[in-house]
Structures are given as structure tokens and as C-alpha cells.
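Here's a quick walk through a single protein chain. Have a look at the model first, then read on.

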Amino acid sequence: MYIEFKLPETITGASLLLLRRSILDWSQKHQIPYTDKTVKYTYRVCFEQDESYSFFALTYPQTKHFLQYRIVSDLNNKI
């Protein structure tokens, strides 16, 4: 399971750094460890506990970035 941010093809390094910084700030504020990975035009965030994904959806400020995210689970890949 992971959270996926779709990055526009015109994204700059500075924009990606702002997104990564906002995730880091959120993680430190709520004391939830994570790992992240950038693959082409997607930025993925993984948490150790499944409950963290719901908590992220409830507490991460959507208005902070122009990017929308989705939570991808194993069920998404089995359909």
C-alpha cells in the first residue's frame, strides 16, 4: 500500500522539493515514519502501519499543494 502523487510532466525540482518538505513536516508533526520514492512522474509515500494511510487522508492539508493524491492498495492491483 502507498500514497501516490501524480506529478505533472512540467514539474520543476523546486516544486518536488516543496512537496517532499510538506510530507516531511507532516510526518514530524504527527511522529509517523515513512519512506518515499520518485518513479518517473509519480511520487510515492509508504507507511509502516496501514492505519497511517487513513490518518494521512484526514490530516494532510489538500490545499497546500496543487497535486492530488490517491491511496493505492493491493486490491487495486488485483482487479
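## The chain overall

What percentage of the 79 residues in the protein chain is buried? In this predicted model, buried residues account for 32% of the chain. The exposed surface comes to about 5500 Å², and carbon and sulfur atoms supply 54% of that area.

On the secondary-structure side, you get 3 helices and 4 strands. Going along the sequence, they appear in the pattern β-α-β-β-α-β-α. If you take the contacts between residues at least 6 apart in sequence, 60% of them join residues at least 24 apart.

## The sheet

How are the 4 strands ordered in the sheet? They run β2-β3-β1-β4, in an open sheet with antiparallel pairing. That puts β2 (34–39) and β4 (69–72) at the edges, each with pairing on one side only. From one strand to the next, the twist averages 25 degrees.

Let's zoom in on one pairing. Strand β1 (residues 2–6) and strand β3 (residues 42–47) are joined in the antiparallel sense over 4 bridges. In this part of the sheet, K6 sits opposite T42 in β3.

Helix α2 (residues 51–59) packs on the sheet, where it touches β1, β3 and β4. The direction of α2 makes about 125 degrees with that of β3.

## The aromatic rings

There's plenty for ring-watchers here: the structure holds 11 aromatic pairs. One of them is F47 with F56, a tilted pair with 5.9 Å centre to centre and 45 degrees between the planes. Both F47 and F56 are buried.

Why does the Y60 and Y69 pair count as edge-to-face? The ring centres of Y60 and Y69 lie 6.3 Å apart and the planes are at 80 degrees; planes over 60 degrees apart count as edge-to-face, so the pair gets that label.

Are Y60 and Y69 buried or exposed? The cut-off for buried is under 20% relative accessible area. Y60 has a relative accessible area of 6%, so Y60 is buried. Y69, with 16%, is buried too.

## The ring cluster

Which residues do the ring pairs link into a cluster? The members are F5, W26, Y43, F47, Y53, F55, F56, Y60 and Y69. So both pairs described above belong to this cluster: F47 with F56, and Y60 with Y69.

Technical notes. Residues numbered from 1 in each chain as written. Predicted model: local features only at pLDDT ≥ 70, side-chain atom pairs only at ≥ 80, totals over all residues. Heavy atoms only, no water. Helix = DSSP H or I, 4+ residues; strand = E, 2+ residues; numbered from the N terminus. Buried < 20%, exposed > 50% of the residue type's maximum accessible area, 1.4 Å probe, protein only. Contact = heavy atoms within 4.5 Å. Areas by Shrake-Rupley, 256 points an atom, 1.4 Å probe, with all protein chains shown as cover. Pairing = 2+ DSSP bridges. Axes fitted to C-alpha atoms, helices over the stretch in contact; angles between N-to-C directions. Phe/Tyr/Trp six-rings, centres within 6.5 Å; stacked < 30°, edge-to-face > 60°.
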